[in-house]
Amino acid sequence: MRAVSEMEKGRVDSAIDATQSLAALGQLLREEPVLVGQLVRTALCTLTIATAERLVCRRQLNDQQLDRLSHIIAGLDCEDGLRRALIGERTMMLEVFDNPKRLFLRAEEERQDHDDGGPSPEQS
């Protein structure tokens with residue numbers, strides 16, 4: 001991880017920049033409706049906080065650096081991920097529960113097309 005590497009080299013400002021990039025990456029997944037995306041977002045939030053904590057504990061930071069780090073942590077939005085993910089997962093499964101026979105028939109038709117030399121699902 002770049003932030004830790006920069007911190008170990010004594011490049012505090014670069015380490016803070018890397019921590020900010022890590023936080024921004026996690027925030028890109030804020031609207032992700034799939035559980036795995038929200039789990040990655042939560043991991044990135046946790047990693048951002050742990051990196052900031054490590055930086056504060058291992059290096060002497062000036063007021064400006066502490067202020068930047070404080071703003072990064074304050075700007076994290078790590079809440080509501082599980083709720084959003086479960087809503088997204090449930091929505092994706094509605095077709096399966098509403099009409100499983102239709103879903104099965106569609107999969108069977110695609111398999112037969114593929115077996116008969118017709119277009120594969122990737123080509124259609």
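Which residues of the largest nonpolar core touch the most other members? The exercises below address this point and the packing around it.

The structure is a predicted model, in which local features need pLDDT of at least 70, side-chain atom pairs count only at pLDDT 80 or more, and totals for chains, interfaces and linings use all residues. Residues are numbered from 1 along each chain as its sequence is written, and side-chain values use heavy atoms, with hydrogens and water left out.

**Exercise 1. Identify the best-connected members of the largest nonpolar core and the helices that supply it.**

Step 1. A nonpolar core is a set of buried Ala, Val, Leu, Ile, Met, Phe, Trp, Tyr and Cys residues joined through side-chain atoms within 4.5 Å. Buried means under 20% relative accessible area, exposed over 50%, and partly exposed in between (1.4 Å probe, protein chains only).

Step 2. The core has 13 residues, and those touching the most other members are Met7, Ile16, Leu55, Leu61, Leu69 and Ile72.

Step 3. At least two residues each come from α1 (2-8), α2 (12-28), α3 and α4; helices are DSSP runs (H or I, at least four residues), numbered from the N terminus. With 4 residues, α2 provides the largest share of this core.

Step 4. Contact means heavy atoms within 4.5 Å. Apart from neighbours within four places in sequence, Met7 is in contact with Ala15, Arg54, Leu55, Arg58 and Arg59.

**Exercise 2. Describe how α4 packs against α2 and α3.**

Step 1. Two packed helices are described by the angle between their axes and the distance between the axes. Axes are lines fitted to C-alpha atoms, for helices over the stretch in contact, and angles run from 0 to 180 degrees between N-to-C directions. Angles under 35 degrees count as roughly parallel, over 145 as roughly antiparallel, 65 to 115 as roughly perpendicular and the rest as oblique.

Step 2. For α2 and α4 the angle is about 10° and the axes are 10 Å apart; the two helices are therefore roughly parallel. Val12, Asp13, Ile16, Asp17, Thr19, Gln20 and Ala23 of α2 meet Gln65, Arg68, Leu69 and Ile72 of α4. This contact has 5 nonpolar, 3 polar and 3 charged residues, where Ala, Val, Leu, Ile, Met, Phe, Trp, Tyr, Cys and Pro count as nonpolar, Asp, Glu, Lys and Arg as charged, and the others, Gly among them, as polar.

Step 3. For α3 and helix α4 (residues 63-74) the angle is about 160°, with axes 10 Å apart, so this pair is roughly antiparallel. Thr48, Ile49, Ala52, Leu55 and Val56 in α3 meet Leu66, Leu69, Ile72 and Ile73 in α4. The classes are 8 nonpolar, 1 polar and no charged.

**Exercise 3. Is Thr19 buried or exposed, and which residues does Thr19 touch?**

Step 1. Thr19 lies in helix α2 and counts as buried because its relative accessibility is 0%.

Step 2. Not counting residues up to four places away in sequence, Thr19 touches Ala3, Thr48, Thr51, Leu69 and Ile72.

**Exercise 4. Characterise the packing of α3 with α5.**

Step 1. The axes of helix α3 (residues 35-58) and helix α5 (residues 81-98) come within 8 Å and cross at roughly 165°, which means that α3 is roughly antiparallel to α5.

Step 2. Leu35, Gln38 and Arg41 of α3 make the contact with Gly81, Leu82, Arg84, Ala85 and Glu89 of α5. By class, the contact comprises 3 nonpolar, 2 polar and 3 charged residues.
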